[in-house]
Amino acid sequence: MTALLFVLFFVFMLIGVPVALAIGASTLLALNAQGVPLMVVTQQMFQGINSFALVAVPMFILAGDLMAQGKVSEKLVDFADALFGFLKGGLSIVSVLAGMFFAAISGSGAATTAAVGSTLVPELRKKGYEPASAASLIAASGTIGVVIPPSVPMIIYAVIAQQSVSQLFLSGFLPGLAMGVGLATIAIVQAYRRNYPRGTAFSAATIWRTLKSASWGLATPVIILGGIFSGIFTPSEAAVVAVNYALLVSLFVYRDLSLADVYRILIRSAITTSVIMLVIATSAVLSWTLSSWQVPGAIAEAVLSISTDPYVIMLLVVAVILLTGVFIETASALIILTPVLLPLVTQLGIDPIHFGLIIVVGLAIGMITPPVAINLYVASSVTQLPLERITRAILPYLLGLITVLLLVVYVPILIGLSG
């Protein structure tokens, strides 16, 4: 029956059925063939989304959209430019730093790519940067959006694995910082090879002026994460606080959004949320089915029969995560892989929080690996460049991010664990 389920799933995917429907339909048909009462499907779909922690998902999506559409991203880019624009190829570093700043607000890779790209691309072109390389760097920087908290994939993983959202958020800072440092290092090397120009002259006055202007945006992660880690509110409550703060800043401080804009953003965020929730609901049925068929245990046994060396097995796990991210979008892949791989890695003594960071970083890389590469599509849309050109230019950054992923796997101290 397991073979039938996966064959049906891949057939549906190949003929272009949306992933949520492909998961749901293949599981439904497999259960029906086994004679399982189909009432189980609706029960498990409801159970899959019946979690208070998931309230944070639509709220963080909405907060990110509100910030991305307003002047917040522009102010953050200006501040990053004041800090590092004076260096040779400084705008490349600004792209990465702005991505990290916005990652601490949005929780979304696509939103980070869109916000930073729409602000920086015109300036990058004006300064003579190679367009495809600049676009690929912005897309790669967008992957940090789901690693530095708040992070929607981390919330989803926490619900599935029954782990602490706060602990996952706390562990996400160092890997996100490592991703940023890796991308910036590659960008600097390319800047010297291509003789990119220096940007804005260094000025303490400019830094102070842009810092004051960007302070409303920079305060967002301080309020959200400070409130979570201090115990003032839960991650779900923090998401609601983030939405209210984003509305306050956009409507009354920067005054860059109208009520009509807010309505349009609400509709778009609701559509995005509905897609994610449908994926979670149908994937919950798949997870229950695989668990009842004892598939995770069988997979763990099969992998352990290949090797008992934890280093070798984790390398295989990383390969599975990266390959899955190539073909399946982040939320779906997360929900499919977690119940299958988590029992295996826990047998190896891997902490579930550690594995949560491994799978989130690994699937974040999938955002820049075609054919399912949402960040590349966003970058292509923003820059009006063919996807093929951006894909070729992404390779150095892709290798850099994979290196960081291996560090996350084999150097637990990178996420604050002793080993």
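The paragraphs below go through the empty spaces of this predicted model, and then one aromatic pair. Residues are numbered from 1 along each chain as its sequence is written, and local features need pLDDT of at least 70, side-chain atom pairs count only at pLDDT 80 or more, while totals for chains, interfaces and linings use all residues. Side-chain values use heavy atoms, with hydrogens and water left out.

The largest pocket (on a 1 Å grid over the protein atoms alone, an open set of points with protein on both sides within 12 Å along at least five of seven lines) has a volume of about 940 Å³, a volume being the space filled by probe spheres set on the points, which are joined across faces, edges and corners. Its lining, made of residues with an atom within 4 Å of a point, comprises 38 residues, of which Ser108, Ala110, Thr272, Ile276 and Ile374 are the closest to the centre.

Two cavities of 30 Å³ or more are found in the whole structure, a cavity being a set of points where a 1.4 Å probe fits but cannot get out. The largest holds about 60 Å³, and among the residues that line this cavity are Leu124, Tyr129 and Ala134; the second largest, of about 50 Å³, is also lined by Leu124, Tyr129 and Ala134, among others.

Of the 6 aromatic pairs in the whole structure, one joins Tyr311 and Tyr410, which is stacked because the ring centres lie 5.6 Å apart and the planes stand at 20° (rings of Phe, Tyr and Trp, the last by its six-membered ring, pair if their centres lie within 6.5 Å; planes under 30 degrees apart count as stacked, over 60 as edge-to-face and the rest as tilted).
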